Amino acid sequence: MALKAVHVSDVPNLDQVPEKPSLAIYSTRFSQGVEIGRTSFKPSKFLVVGHRGNGMNLLQSSDRRMKAVKENSILSFNSAANYPIDFIEFDVQVTKDDCPIIFHDNFILTQENGTIYERRVTELTLAEFLSYGPQREDTVTGKPLLRKTKDGKIVSWTVETDDSACTLKEAFEKVNPSIGFNIELKFDDHIVYEQDYLVRVLQAILHVISEHAKGRPIIFSSFQPDAALLVKKLQTTYPVFFLTNGGTEIYYDVRRNSLEEATKLCLEGGLEGIVSEVKGIFRNPVAVNKIKESKLSLMTYGKLNNVPEAVYMQHLMGIDGVIVDLVHEITEAVSNLVKKPEEAEDEILLEGEEKVQNRPQFSQRELSFLLKLIPELIQ
């Protein structure tokens, strides 16, 4: 697709989205931890976000946790909601007939009579998309679902607990209302999109949200810079974050290639924050202070976020939250490691009982040393 110049000032606003959602019906779990406004996102606690629900699927992994529940499914979302998380993150694309669906990969694969068929998700109708994998009706057999791994291998998408594909509308209707949605606006890295196409896709998503959000906390995020800028222009109710690899990978669009460029984009476009690959933060910890000084929120994603010590280090660095796969383990670790001052003061020891330190204790000098050492270790 050829790229038309994106002049966000020329994009029409979507009138259906309310400018001031009712905070009164936000969940207790959420409202006590985050202040949300038209142009602000200021967490007063360290946030934990479930990646694709209860964690992404790594089908070739020897770790059973990475293929326990089908990612990006209603079952996965509600499984994550059993733990003290604040949001679930999931990927939204729009079908050929303008229905927002939840699916990560750009292509969907199946096999018939020994032949593998690959279709681009956005070129399917809703009915075609829902025909893959487990079906809602027991009398209907879905197409076998395969997946292409990063190294090009095609494997059966087999998990311990499977579930059918779902739409964004179903997520609003069937997922625990106490959980916020981090909606990633998913686009193909290898396509240059026309402005008209981006607007059509975003308006389809915003229409579902305007009809079904009912006060549920929502964050938008996207690796696609123009989509992030446009969704900010099309609505002012929900915060928008720019997703970046933080310089760990290089793209043709320079706006994606560093934390500095991400900060610039957010400030120029009025976005609320950045979600960076965690290695990008550890390689360039100086950028954290610059981002915070710019009044932007900062969250991270990546495999290191499944390591409690790495998560705790980010808490010490002032990062606002983490997107994680191991929801059970990391929420438990965060509850032990990251405590509000008043919670720490409330801990009363019985006479003769020794206090056990669950958290590493660092002096400012030690923390400064670690922040200098970590980039070298990551490299």
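Colleague: At what angle do helix H5 and helix H6 pack?

Modeller: This is a predicted model, and the two helices to look at are H5, residues 195-212, and H6, residues 225-234. Their axes lie 10 Å apart. The angle at which H5 and H6 pack is about 50 degrees.

Colleague: Does that make H5 roughly parallel or oblique to H6, and which way is the crossing handed?

Modeller: Angles under 35 degrees would count as roughly parallel, and 65 to 115 as roughly perpendicular. The angle here is about 50 degrees, so H5 is oblique to H6. As for the hand, the crossing of H5 and H6 is right-handed.

Colleague: How many nonpolar residues are in the contact of H5 with H6?

Modeller: From H5 come Leu-198, Val-199, Leu-202, Gln-203 and Leu-206, while H6 brings Asp-226, Ala-227, Leu-230, Val-231 and Leu-234. By class, 1 residue of this contact is polar and 1 is charged. The nonpolar count is 8.

Colleague: Why is H6 described as largely enclosed by the rest of the structure?

Modeller: The buried residues of H6 are Pro-225, Asp-226, Ala-227, Ala-228, Leu-229, Leu-230, Val-231, Lys-232 and Leu-234. They are covered by elements including strand E11 (180-185), H5, strand E12 (218-222), strand E13 (240-244) and helix H7 (259-269). H6 is largely enclosed because the number of its residues that are buried is 9 of the 10.

Colleague: Back on H5, is Val-201 buried or exposed?

Modeller: Val-201 sits in helix H5. Leaving aside neighbours within four places in sequence, Val-201 is in contact with Val-94 and Phe-187. Its relative accessible area is 4%, and under 20% is the cut-off, so Val-201 is buried.

Colleague: What separates the C-alpha atoms of Val-201 and Asp-98?

Modeller: Asp-98 belongs to the loop between strand E4 (87-94) and strand E5 (100-102), whereas Val-201 is in H5. Along the chain the two residues are 103 apart. In the model, their C-alpha atoms are separated by 7.2 Å.

Colleague: What is the phi of Asp-98, and is the residue buried or partly exposed?

Modeller: Asp-98 is not a glycine, yet its phi is positive, at about 65 degrees. Its relative accessibility is 38%, which lies between the 20% and 50% cut-offs. That value means Asp-98 counts as partly exposed.

Colleague: Which residue in the loop between E3 and H2 has a positive phi of about 55 degrees?

Modeller: The residue lies in the loop between E3 and H2. At 5% relative accessibility, it counts as buried. It is not a glycine despite the positive phi; it is Asn-72.

Colleague: Which residues does Ser-73 contact, leaving aside its neighbours within four places in sequence?

Modeller: Ser-73 lies in the loop between strand E3 (47-51) and helix H2 (74-80). It is buried, with a relative accessible area of 0%. Its contacts outside that sequence window are Asp-163, Ser-164 and Cys-166.

Colleague: And what does Gly-280 touch, not counting residues up to four places away in sequence?

Modeller: Gly-280 is found in helix H8, residues 278-283, and counts as buried at 0% relative accessibility. Its C-alpha atom is 8.7 Å from that of Thr-244, a residue 36 places away along the chain. The residues that Gly-280 touches are Asn-245, Gly-246, Thr-248 and Leu-259.

Colleague: How many polar and charged residues are in the contact of H10 with H11?

Modeller: H10 and helix H11 (residues 327-337) pack at about 45 degrees with axes 10 Å apart, and are therefore oblique to each other. Pro-308, Val-311 and Tyr-312 in H10 meet Ile-330, Ala-333, Val-334 and Leu-337 in H11. Of the residues in this contact, 7 are nonpolar, and the count is no polar and no charged.

Colleague: Which residue just after H10 takes a positive phi?

Modeller: H10 covers residues 308-317, and its buried residues are Ala-310, Val-311, Tyr-312, Met-313, Gln-314 and Met-317. Just after the helix, the phi is about 95 degrees, and the residue is Gly-318.

Colleague: Taking the whole chain, what share of its residues count as buried?

Modeller: The chain has 13 helices and 16 strands. Its accessible surface comes to about 18,400 Å², with 50% belonging to carbon and sulfur atoms. Of the 379 residues, the share that count as buried is 51%.

Key:
Residues numbered from 1 in each chain as written. Predicted model: local features only at pLDDT ≥ 70, side-chain atom pairs only at ≥ 80, totals over all residues. Heavy atoms only, no water. Helix = DSSP H or I, 4+ residues; strand = E, 2+ residues; numbered from the N terminus. Buried < 20%, exposed > 50% of the residue type's maximum accessible area, 1.4 Å probe, protein only. Contact = heavy atoms within 4.5 Å. Areas by Shrake-Rupley, 256 points an atom, 1.4 Å probe, with all protein chains shown as cover. Axes fitted to C-alpha atoms, helices over the stretch in contact; angles between N-to-C directions. Parallel < 35°, antiparallel > 145°, perpendicular 65-115°, else oblique. Left-handed = near helix turned anticlockwise from the far one by under 90°. Nonpolar A, V, L, I, M, F, W, Y, C, P; charged D, E, K, R; others polar.
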